[in-house]
Structure formats: structure tokens, C-alpha cells
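Biologist: I should be grateful for a close look at a single part of this protein, the sheet, together with what packs on it. Please set it in the context of the whole chain and end with one residue examined in detail.

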Amino acid sequence: MKIVCWVLAAVLCLSGCVNMTEPVMETVADEIIEPVAAEPKPMAVWLPDEAAEQTMADDAAGACYTWGESELRVRTMTGGDIRSTLKALTGLDPEKLTVMEYEKDGLQLYQTVWSCTSEEGVQLGRCMVADDGQYHYCISLVSPEGADVAEDYARICASLDLTGEEKAEK
């Protein structure tokens, strides 16, 4: 009987050792706190001397420059889906484009070329998209098939500057 009493006393004493902490509750607020998106970086590129800025009806379209029969568009778009950006720039389904993708100076770069027929004849398009993770910085150049603008386009793309600092011309 003594053993039963000892066991019963031990059980009663140890039953008080249960974890008596309060449960953790999550608090819920009515307001939704959204992270503030960073502003796009200022975008600057080299332009040929004869390039003239055109007036655009829509500021969201960015800047448009023309020289000879060439048209250069420089604009910043919301990042994320590179496919929709390429479609907006080229007018073509990205699946039908050959896109070169590479990384330079912490940016993911995408480049492609395409052609189209217009009233003026065959037009060649070239574009580059620099993706910083939040925004797409876009450069697109459309010119007639026979125009010699490959060097200008390469120089424009190489000069892409997102620092906002004025650089001396080399």
C-alpha cells in the first residue's frame, strides 16, 4: 500500500510540471503595409551629334530621338516580366525572337534584333534591355535596312549610364 501511495503522490506532484506558458498569438491589423519601391535610376546614353529629340504625346513612352531615317527610343519600364517588355519594344512574340542574355556591371542584359516591312521598305530593329531587378532600362533603334547605324547602336548601348553622374566624352 505504501508503494501505491508513493506512486500516487509522485504522479500528483509531477502532473503540476506541465508547461504553463501562455500560447503565442499573432496580432492582426487592418492596415496593409506595402514596401516602398525604389525610384528608377536616371538613364543616360551617348547620342550622335545630329540626333534631335522628338516631342512625345505620352511621357510614359520615354524619349525619342531621330537622325537621318533612324529612330532611337530610350525609356524605363517596370521590371519583372522580360517577355512582356520585349513584346512591347518589338511588337513580336518573344518566342519568335533570338535573345542574347548576359550580365554586366550587376545588370542582367537582354539584346535582340528583328526586321519588319513598312511603307518605306524593310526596317531593322535592335533593342537592349538592362534589368536591375526592379526596372527595365530600354534602348531600341529602328532604321532602314541599308542604314549604317551598327556602330552608333553599339556606342549607344556601351554608353548606358544609370548613375546619374555626368561623364566627360571620351
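Modeller: Of the 170 residues in the protein chain, 29% are buried. Please bear in mind that this is a predicted model. The accessible surface of the chain comes to about 12,400 Å², and carbon and sulfur atoms account for 54% of that area. Three helices and seven strands make up the secondary structure, and from the N terminus on they follow the pattern α-β-β-β-α-β-β-β-β-α. Among contacts between residues at least 6 apart in sequence, 45% join residues at least 24 apart.

The sheet itself is open and is formed by seven strands in the order 1-2-3-7-6-5-4, with antiparallel pairing. Strand 1 (52–54) and strand 4 (100–104) stand at its edges; each has a single partner strand, so one side of each is left without a neighbour in the sheet. From one strand to the next, the twist averages 25°.

At the edge formed by strand 1, three bridges join this strand to strand 2 (residues 63–67), and the two run antiparallel. Within this pair, Ala52 stands opposite Thr66 of strand 2.

Two helices may now be placed against the strands. Helix 3 (residues 150–158) packs on the sheet and touches strand 2, strand 3, strand 5, strand 6 and strand 7. The direction of helix 3 makes about 15° with that of strand 6. Helix 2 (residues 82–90) lies across strand 3 (70–78), strand 5 (107–118), strand 6 (121–131) and strand 7 (135–144). Relative to strand 6, helix 2 runs at about 150°.

For the detailed view, Gln111 is a suitable choice. This residue is found in strand 5. Its relative accessibility is 17%, and a residue is classed as buried under 20%, so Gln111 counts as buried. The side chain of Gln111 is joined to that of Tyr102 by a polar contact of 2.9 Å. Tyr102 also appears in the list of residues that Gln111 contacts once neighbours within four places in sequence are left aside. That list further includes Thr98, Val99 and Met100, as well as Cys127 and Met128. Tyr153 and Cys157 are likewise in contact with Gln111.

Taken together, the picture is of an open, antiparallel sheet of seven strands, with helix 3 packed on it and helix 2 lying across four of its strands, strands 3, 5, 6 and 7. Gln111 is a buried residue in strand 5 of that sheet.

Conventions:
Residues are numbered from 1 along each chain as its sequence is written. This is a predicted model: local features need pLDDT of at least 70, side-chain atom pairs count only at pLDDT 80 or more; totals for chains, interfaces and linings use all residues. Side-chain values use heavy atoms; hydrogens and water are left out. Two strands pair if DSSP finds at least two bridges between them. Axes are lines fitted to C-alpha atoms, for helices over the stretch in contact, and angles run from 0 to 180 degrees between N-to-C directions. Contact means heavy atoms within 4.5 Å. Buried means under 20% relative accessible area, exposed over 50%, partly exposed in between (1.4 Å probe, protein chains only). Accessible areas come from the Shrake-Rupley method with a 1.4 Å probe; for residues, only the protein chains shown count as cover. A polar contact is a pair of N or O atoms within 3.5 Å; within protein, one must be able to donate a hydrogen and the other to accept it, and residues adjacent in sequence count only if both atoms are side-chain atoms.
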